[in-house]
Structure formats: structure tokens, C-alpha cells
Amino acid sequence: MKRFYSLAAMLLLVLFSASAQGLRHSVCIVSPEFADSERAMMADYSLYMARAGMRSASQALTAYKNEGTFGSGVVVEQGGKKYVLTNLHVIGYAEKATITFQLHEKTLRYEHCEVANIGETDLAAVALPAECEMIALPLYAGEIDEDLSIVAAGFPGLAGKPSWQLTRGSISNARVDVDARERASRIIQHTASIDPGSSGGPLLLKNAEGKYEILGINTWKAFYREGVGLAIGKEDVQAFLTTLASPKAATHPELEPLQNLSGEDWLFVFRHLPDSVQKDLRETDWHLPFDPALRTLAVRDSLVEYKGKSAKKYEASAPHVVTDLDNMNHILLLYDNYLGLNQLVGIQIGHDWLGYISTGVQIAALMAEAVNSGTQALNAGPMFGVYLGAQVPIQIGKFILAPRINQSASAGPFFNGDAFNTKVAIATDTRIGLDWRIPSKSKSSEFVIGLHYDMNWLWNSGTLAIQPLKTITGRVNLNQYLQHGVGLTLGLAW
């Protein structure tokens, strides 16, 4: 008797394995096809939408721009034609996709398959070529009740590549109460394991004849809960399939306004909208990740057209104070000429805090022509110190113009040129200037070119009374001098 049960169990396992293997003829990998220009646009907007606080949309664009993006799909038939049914968020903005069937004995790949239609729910259909002989699965016709045994099939990622996965579970909630934003009439909650890359794969039930039927399309996973997968129900799938009779009934939003506007310029428009509008745009749910960017332009147009706002406010070429700079490190080379032989050459190494405040250390060589005992000599010495600065970054076209003020304090040994006597010097410099910050092609760094006026106060025990170095006071062999001149700044920020 035990042997009979053992043989029966083995037979069931073999049948299940054979049936599961057959699913590979119906379940596939879906890879959207994007041109390089489209990926570049996604990368551009991903950066600036993140700076605008739209992080989830930014992350979605980052996923699309990467080579090898994929999801899952299942073969269905409608009107005598075969399609791959998948999620819209798998396809994204692609007009074509590559469909791959990983069979045990071989791999079949169909490239440049047209996206036949996209839905109001998170569904999309990709047309298969006429010669494709893969097996279409039917929709389940019965009632969906809790505790139904189900199977989830798909190709979630493993080590960055799609990997076949078949998991079993049960229906834990036949109709989840979801917000209207999901746009689906039924969301099914189940316990079969799904993972990133399972999106678009089918949620299946095996009928009395041992054949699989589609209950829904796996779309979401609740990562904050154990064993919660969510699928768009068969009712929405059926409604979507009927739209395939009139392809492209629902099309992607027109992206031309964004194609003609860089992400940086779009961010300028966003930053000039009222704060309350910015907050609403960040928090509004989106269907596809470019939706918030398109809504931003629509709001701008409505403000300009209907509320009498000046259109110049939204022109990216108009000068404006930059409010979203990142922290950056910098190395700056300084040269100051105090209107004569007195000069300073130095280097500043520091940090820009959100583009407004600069702090760091300064190392400089100060040279001053001096009169000692009636003879001319050159006093010189290294000066070590710190500095604190403030600036106002103003965007002008692609460049940033930064009026700034910088205060440094330094000290070091000062060598008397004619007798090589060592003195101690203390100096403070107040620099007022203007920097041009020119972004590199990668926009990960900036070149800095600037001009400034420098007023230098120097305390030293030597005698340096020669113009333009002017003696202010002398007390207890410590003389105070004032010198001023112009300088140049060259550097790099990253």
C-alpha cells in the first residue's frame, strides 16, 4: 500500500513537471527596445526629476535606461492573432520589444515585435509574428474565490539575468480594496512568491483537465509584508484584450515637449512654479514616469495662458538664483598682485555647501618688496591658514555666475631677504570677486574661472614700508600693513 502511494506521488510530480515544462511555451521574457537617444533622455530626466523630489519616477526612468531591462509575459490569442500580454510598466515608452522563450532544448527569440496596444490599467500587448507557434493560454471563466490553489510563472532576475520561476500558493484576497489610482476593477492578492522581473507574468489556475488558465497578470509585490503578491484580475484583462480589435486605441503621451527641453531646463520651470503646485506634482500618482514632467509643463502653460503670469518667468535662459546645487569639493589656484612686486600665490582646498558657503584650508607663498636699513630686498614666506566664503550662484544659460566674498586668515615664517632673518607674519585677506562655473560634459564637475579684488592686512616685525605696501601703525616692533590689488582664480569643483 505504501508503495502504491509512493508511485502515485511520483506520477503526480512527473505530471506537474511536464505541465510546468509546457508553460515555457506560453510564458516568456519581455525586453523593451529603446534607441540610444531615448535612453539618454531618460538618464537626463532621471537626474533632474530626482533633484525635484520625484524619486520614484526617477528610479523608474533609471531602470528603463539600463541595457537588459526585462519583465515577463504570457501568450494570449485574440481575433485569430497571438499576442504577449504583459504590464505597461514593463514596456514603458517602447514601441517595440524583444520576446524570448527559454525552452529546455532551445531558446526562441523574436526581435522588433510591435507594441500593439497599451491600457488604462497597467497592461500592454505585444504582437507576435504569424510564424510564432507558441501556445496561447485562455482566461479562467469561473469565479475567483479565496483559498483557490494557484501558480505564478515568470522570469524574475537572478544575478541580473531573467531566470525561470514557477511558484505555488493560494488566493488570500479575491478582491483587494485599492485606491482608484490603480484603475483596475479587480486586484487579486495571493501567496505565490513573485519577485522583480515577475511583472507581466501570469497568475494561473489548473482546470479539471490539467490545463492552465489565466486568473490575472502579476503586477505588484508588497515588500513590506510576507507573501503578498498582487495581480490585475481577469475582468480587466478581458476588457483590455477587446481593445486589440482597434490597435493603439490608447497611446503613449506625446513626449515631444520633453524631447525639446533638457532636464536641467525642465527643473528650472518646475522650481518657478508655486510651492503648493510643486508639492502636488511630487505627490500625484503617475501611470508612467514621465507623467509628472509632462504635468509640470501643462501647469506652466496654464499659468502663463490663463493667469497672466509672465512667460519670462519660465524661460530657462532667464538668469535666476540656483536653489538646488549639490555639495561639491573644490581645488582653487589663487594669484594676487598688489599693484607692484608684492604678490601672493596660493591654493585653496575645501568644500562648497549646497553652492552657497565655502570652507577649507589655504596654503600660500607671500612675497613683499621691503626696505631694510636703506636697501631694497624681497621678503617672502609660506602662509598656512583657513578660509570661509559665501556666494550666490546665478544660472545664466548653461553656466553659473557666482558673486562671492571670501575671508581668510593665515600665518607663517617670513624671511628677510637681505639678512635671512626669520620673522613671523600674520595675514588676513578679504577677497570680493566673480566666478564663472562651467559644467563639464558629464556634468559631474565644474571648471572655475574668476576675478577678484583682494585687501590684505599684514602684521610683521620687519620693516616693509614701501609702496604699495603701506604702514598703518607700529607698536612694540610689530608693524601693521595694508596692501590691496587684483587677482585671478582658476580651479575645479566636483
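**Entry 1: the largest pocket**

I began with the lining of the largest pocket, which by class has 19 nonpolar, 11 polar and nine charged residues. I kept in mind that this is a predicted model. For the volume of the largest pocket I noted about 1,300 Å³. I then looked up how many residues line the largest pocket and which of them lie nearest its centre. The lining has 39 residues, and those nearest the centre are His89, Asp122, Thr219, Trp220 and Trp286.

Next I asked which elements each supply at least two residues of this lining. I wrote down helix H3 (55-65) and helix H4 (88-91), together with strand E11 (187-190) and strand E13 (212-221). The largest share of the lining of the largest pocket comes from H3, which supplies five residues.

**Entry 2: the second largest pocket**

I moved on to the second largest pocket, where about 550 Å³ of space lies. Its lining is made of 30 residues, and I marked Tyr48, Arg51, Glu264, Leu325 and Gln395 as the closest to its centre. Two or more residues of this lining come from each of H2, H7, strand E15 (320-321), strand E21 (399-415) and strand E22 (422-439). Which element gives the most to the lining of the second largest pocket? I found that H7 does, with five residues. When I sorted the residues of this lining by class, they divided into 13 nonpolar, seven polar and 10 charged.

**Entry 3: helices H2 and H7**

Since H2 and H7 both give residues to the lining of the second largest pocket, I looked up how these two helices are placed. The axes of helix H2 (residues 36-51) and helix H7 (residues 263-271) come within 8 Å of each other and cross at roughly 25 degrees. Angles under 35 degrees count as roughly parallel, and therefore H2 is roughly parallel to H7. I also noted that the crossing in which H2 passes H7 is right-handed.

I then wanted to know which residues meet where H2 and H7 are in contact. From H2 I listed Asp44, Tyr45, Tyr48, Met49 and Arg51, and from H7 I listed Gly263, Glu264, Trp266, Leu267 and Arg271. By class, this contact has five nonpolar, one polar and four charged residues. Going back to my second entry, I saw that Tyr48, Arg51 and Glu264 are also among the residues closest to the centre of the second largest pocket.

**Entry 4: the cavities**

I turned last to the cavities, and the count of those of 30 Å³ or more comes to three. The largest cavity has a volume of about 140 Å³. It is lined by 16 residues, of which Leu332, Ser358, Gln391, Arg404 and Asp435 are the closest to its centre. Strand E16 (328-337), strand E17 (343-353), strand E19 (375-391), E21 and E22 each supply at least two residues of the lining, and E19 gives the most, with four residues. By class, I recorded six nonpolar, six polar and four charged residues in the lining of the largest cavity.

For the second largest cavity I noted about 40 Å³ of space. Its lining includes Ala152, Ala153, Gly154, Pro156, Gln165 and Thr167, and also Ser193, Ile194, Ser198 and Asn218. Strand E7 (149-154) and strand E10 (165-173) are the elements that give two or more residues to this lining, and the largest share, three residues, comes from E7. How many charged residues does the lining of the second largest cavity have? I found no charged residues there, but four nonpolar and six polar ones.

Key:
Residues are numbered from 1 along each chain as its sequence is written. This is a predicted model: local features need pLDDT of at least 70, side-chain atom pairs count only at pLDDT 80 or more; totals for chains, interfaces and linings use all residues. Side-chain values use heavy atoms; hydrogens and water are left out. Axes are lines fitted to C-alpha atoms, for helices over the stretch in contact, and angles run from 0 to 180 degrees between N-to-C directions. Angles under 35 degrees count as roughly parallel, over 145 as roughly antiparallel, 65 to 115 as roughly perpendicular and the rest as oblique. A crossing is left-handed if the near helix is turned anticlockwise from the far one by less than a right angle, and right-handed if clockwise. Contact means heavy atoms within 4.5 Å. Ala, Val, Leu, Ile, Met, Phe, Trp, Tyr, Cys and Pro count as nonpolar, Asp, Glu, Lys and Arg as charged, and the others, Gly among them, as polar. On a 1 Å grid over the protein atoms alone, a cavity is a set of points where a 1.4 Å probe fits but cannot get out, and a pocket is an open set with protein on both sides within 12 Å along at least five of seven lines; lining residues have an atom within 4 Å of a point. Grid points are joined across faces, edges and corners, and a volume is the space filled by probe spheres set on the points.
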